[in-house]
Structures are given as C-alpha cells and as structure tokens.
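User: Morning! Can you walk me through this one while I have it open?

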Amino acid sequence: MNAPQSIPSPVFTGTSLKGIDFANRLSVAPMTRISASAGGVPGERMARYYERFARGGFSLITTEGIYTDKAYSQTYKDQPGLTDQEQAEAWRKIVDTVHAAGGRIFAQLMHGGALAQGNPHRSETVGPSAVRPKGSQLTGYHGDGPYALPREISEAEIAEAIEGFAAAARLAIDVAGFDGIEIHGANGYLLDQFFTDFSNRRTDRWGGDIVERLGLSLEVLNAVRTAVGPDIPLGLRLSQGKVNDFRHKWVEREPGAARVFEALAESPADFVHVTEFEAWQPAFEGGDTSLAALARRHAPRLFLIANGSLHDLARAEEVMEAGADMIALGRGALVNSDWPLLTAKRSDLRPFALPFLAPVSDIKDSELTV
C-alpha cells in the first residue's frame with residue numbers, strides 16, 4: 001500500500017533504482033531486533049513486524065543486519081542469519097509477505113567482527129587488529145561488560161569472511177527472493193573496523209590511508225556483485241558514528257570523504273546509504289556540508305539513501321534538497337509503522353517511547369497490534 005499524495009512533498013514522489021520502481025522516497029532503516037530463533041531462523045513474528053511497514057506505506061524496507069557465516073560474523077544472540085537453506089527459506093516467507101503488502105525489501109548483510117557479543121559459533125572475536133573496542137557491550141542485546149580483546153584476523157579468514165558475504169547474498173536472491181542487497185559497512189562492525197584508523201593498525205594491503213582501509217568493503221562489493229549478477233541493486237551503508245562510539249568522526253574530514261565517495265562511485269555499488277545522528281548537520285566541525293551532501297557531490301551516479309533523525313517532514317525535505325534520493329527512518333518508523341500514511345494525511349505521529357527497546361531490543365507484542 002502506498003501513501004496517498006494528499007500533500008505536496010518530494011518525499012511522496014516516485015523514483016526507481018536498477019529497474020525497481022518506488023511509489024515514494026520513504027524507506028525503513030535497518031534496525032536490530034534479535035527476534036529470530038536460537039539457530040538464526042526468522043519466524044512468523046518477524047514476518048508480521050516487516051509486513052506492517054509495507055502496509056504503512058513505506059516503499060522500501062531494509063532488514064536488520066543478517067549474519068553471513070557460521071564462524072565469526074554473528075554479532076548478537078537471536079540475530080537472524082543467511083547461512084543455510086533453512087534460514088533462507090524462512091526469509092522467503094517474510095519477503096513474500098512484504099511483497100503481498102506492496103513493499104520492496106533489501107537484505108542487509110553484516111559481520112560483527114570485534115563487536116560480537118552473542119556468537120554461539122566462536123568463543124573469541126576477530127578484528128583488523130588486536131585492539132579492544134571502545135565502550136561496553138550493549139545490554140539491550142544481552143551484552144555485559146567490556147568488549148573482548150579481538151584476535152587479529154588472518155588473511156585466510158578475511159577471504160572466508162568475503163566469501164561469507166557472497167554466499168549469503170546468493171541465498172538472499174536465489175532462495176529468499178530479496179529485491180536487493182545492502183552491505184553493512186557502518187556503525188562499528190567488521191567492515192567499519194577495517195575502515196576506522198583507531199581499530200585498523202595493519203600494515204598490509206588492508207591498512208593504510210582512508211581509501212586503503214575502505215578496501216575490504218570494496219572487495220566485498222566486488223564479490224557480492226559477482227555472486228548476484230549485474231541486475232540486482234547493491235549498495236553500502238556508511239557512517240561516522242558507531243554503536244560503541246557515537247561521536248567518532250573521520251579524521252581525514254571532507255578531503256577524505258571525497259575520496260571515499262569517489263571510490264564508491266567507481267565500485268560495483270548502485271547506491272550508498274549514509275547515516276548520521278542528524279543527517280542535515282555539517283559532517284565535520286567547522287564545515288557547512290552534510291555527509292549526504294558530500295556523497296551527492298562526489299558520487300553523483302549513486303542512488304543516495306540518507307538516515308538520521310528525519311522523522312520530521314521538513315528535515316526530510318531539507319536532506320532531499322541536499323541530494324538524497326530516498327529517506328530512511330529508524331526510530332520514527334519503529335513507533336509509526338504507518339508514517340507515510342499518517343504524514344500524507346497530516347495526522348499526528350506517535351511519540352517515540354523507550355519501552356520499544358527495553359529491557360531487550362526484541363519485537364514487542366504491542367508493536368504487532370499497531
């Protein structure tokens with residue numbers, strides 16, 4: 001179901017990406033809800049959860065992060081995976097439910113790396129270097145205390161991780177029937193750990209300057225493109241802040257951001273999804289340009305999705321004016337799964353309430369009744 005265009009706003013205009021038509025510019029951002037089985041199999045509860053967004057008028061939904069192998073990638077207890085036929089067939093039921101409700105759905109693929117805090121497959125964690133992550137494990141995802149000190153991941157294990165992304169992408173398209181793939185290169189997880197100067201101290205081909213540190217993300221994009229073929233929408237999510245380090249900024253500032261987005265524009269990616277706490281704010285202190293605007297300037301060919309406190313229509317329009325093709329809502333969608341319909345009708349939105357994410361960030365019964 002698509003929102004009626006009862007108010008003039010660019011967010012309610014149509015667009016397309018790689019042959020997929022969207023009736024509006026509104027999408028649901030990936031949000032970790034740890035509601036799969038202990039074996040990583042999504043169920044009927046998750047199908048109802050995702051269906052709500054499609055019924056509520058969002059034209060695109062991006063899943064929560066899905067782990068990609070049965071080695072080091074799983075990050076949280078009860079996180080869903082895409083590592084075998086059973087998991088993929090269970091995702092197929094969710095994809096079919098979203099399609100029946102009029103929506104499109106992309107699979108977000110992720111590897112937790114050093115931030116893994118609930119991986120039943122391995123007792124240790126790995127990262128680009130043996131550097132303990134900042135902050136503490138997330139209590140809302142069954143974590144407790146400081147993060148473990150990761151072991152430096154080996155070259156062979158890096159190759160296995162890349163193949164994990166490719167294999168999960170094949171299952172996502174060939175078995176589950178997803179409409180597209182988003183690679184999670186943001187928010188402090190493995191690909192972002194390689195991208196970040198603090199956590200990546202390597203002196204081999206996976207370390208170095210900001211574009212060299214982006215190298216693992218680019219390799220994953222290449223591998224996934226080979227796995228799914230040329231016609232499937234494929235993109236990368238990027239951020240500055242992390243779940244364990246909200247204030248992190250790229251030390252290379254705007255010149256570095258320019259190089260990153262230029263490299264992405266030359267990659268197999270079709271889109272880039274940038275997320276900031278407030279997407280309209282300048283990306284760097286003393287600057288005047290947002291990360292979304294920098295992405296548009298330096299990667300003009302890429303479809304641009306922007307996320308970050310954009311549940312206010314005026315802010316969403318401001319970021320679209322800066323170059324975003326689509327707006328992704330996180331907590332705004334969480335409490336207003338029908339945000340597009342409510343906003344189009346000028347109806348009041350429900351206020352965000354923390355009980356949605358407490359004490360554990362799983363899907364609550366109250367969400368499934370809205």
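**Chat notes**

User: Why is His142 called partly exposed?
Analyst: Because its relative accessible area is 38%; buried means under 20%, exposed over 50%, and partly exposed in between, with a 1.4 Å probe and protein chains only. Bear in mind that this is a predicted model, where local features need pLDDT of at least 70 and side-chain atom pairs count only at pLDDT 80 or more, while totals for chains, interfaces and linings use all residues. Residues are numbered from 1 along each chain as its sequence is written, and side-chain values use heavy atoms, without hydrogens or water.

User: OK. Where does His142 lie?
Analyst: In the loop between E6 and E7. Helices (H or I, at least four residues) and strands (E, at least two) are DSSP runs, numbered from the N terminus. The phi of His142 is near 70°, which is positive in a residue other than glycine.

User: Which other residue that is not a glycine has a positive phi, of about 65°?
Analyst: Asn187. Its place is the loop between E8 and helix H4 (190-195).

User: And why does Asn187 count as buried?
Analyst: Because its relative accessible area is 14%.

User: Back to the loop between E6 and E7. What does Gln137 touch there?
Analyst: Gln137 lies in that loop, between strand E6 (126-127) and strand E7 (151-152). Leaving out neighbours within four places in sequence, Gln137 is in contact (heavy atoms within 4.5 Å) with Gln117, Gly143, Asp144, Gly145, Pro146 and Tyr147. Gln137 counts as buried because its relative accessibility is 17%.

User: Switching to the fold. How many strands close into the barrel, and in what order?
Analyst: Eight, running E3-E4-E5-E8-E9-E10-E11-E12, and the pairing is parallel. Two strands pair if DSSP finds at least two bridges between them.

User: Give me a pair to look at.
Analyst: Try strand E4 (residues 60-67) and strand E5 (residues 104-110): they pair in the parallel sense over six bridges. Ile66 stands opposite Leu109 in E5. Helix H2 (residues 85-100) packs on the sheet there and touches E4 and E5.

User: How many bridges join E10 to E11?
Analyst: Five, between parallel strands, with E10 covering residues 271-275. One spot to click on is His273, which stands opposite Ile305 in E11.

User: Is E11 mostly covered or open?
Analyst: Mostly covered: five of the five residues of E11 (residues 303-307) are buried. That goes for both faces, with Phe303, Ile305 and Asn307 on one side and Leu304 and Ala306 on the other. In a regular strand the side chains alternate between the two faces of the sheet.

User: Now the empty space. What's the volume of the largest pocket?
Analyst: About 1,300 Å³. On a 1 Å grid over the protein atoms alone, a pocket is an open set of points with protein on both sides within 12 Å along at least five of seven lines, a cavity is a set where a 1.4 Å probe fits but cannot get out, and lining residues have an atom within 4 Å of a point. Points are joined across faces, edges and corners, and a volume is the space filled by probe spheres set on them.

User: What lines that pocket?
Analyst: There are 43 lining residues, and the closest to the centre are Asn187, Val243, Phe246, Thr275 and Arg331. So Asn187 from earlier, buried at 14%, turns up again. E5, E9 and helix H10 (331-335) each supply at least two residues of the lining, and H10 gives the most, with three.

User: How does that lining split by class?
Analyst: It has 16 nonpolar, 19 polar and eight charged residues. Ala, Val, Leu, Ile, Met, Phe, Trp, Tyr, Cys and Pro count as nonpolar, Asp, Glu, Lys and Arg as charged, and the others, Gly among them, as polar.

User: How many cavities of 30 Å³ or more are there?
Analyst: Two in the whole structure. The largest has a volume of about 170 Å³ and 18 lining residues, with Pro133, Gln193, Phe198, Ser199 and Asn244 nearest its centre. Its lining has seven nonpolar, seven polar and four charged residues.

User: And what lines the second largest cavity?
Analyst: Phe195, Thr196, Asp197, Ile210, Arg213, His248, Trp250, Val251 and Glu252. They divide into four nonpolar, two polar and three charged, around a space of about 40 Å³.

User: Last one: which peptide bond is cis?
Analyst: The one from Ala358 to Pro359, with omega near -10°. Pro359 sits in the segment after helix H11 (339-344).

Definitions and conventions: Axes are lines fitted to C-alpha atoms, for helices over the stretch in contact, and angles run from 0 to 180 degrees between N-to-C directions.
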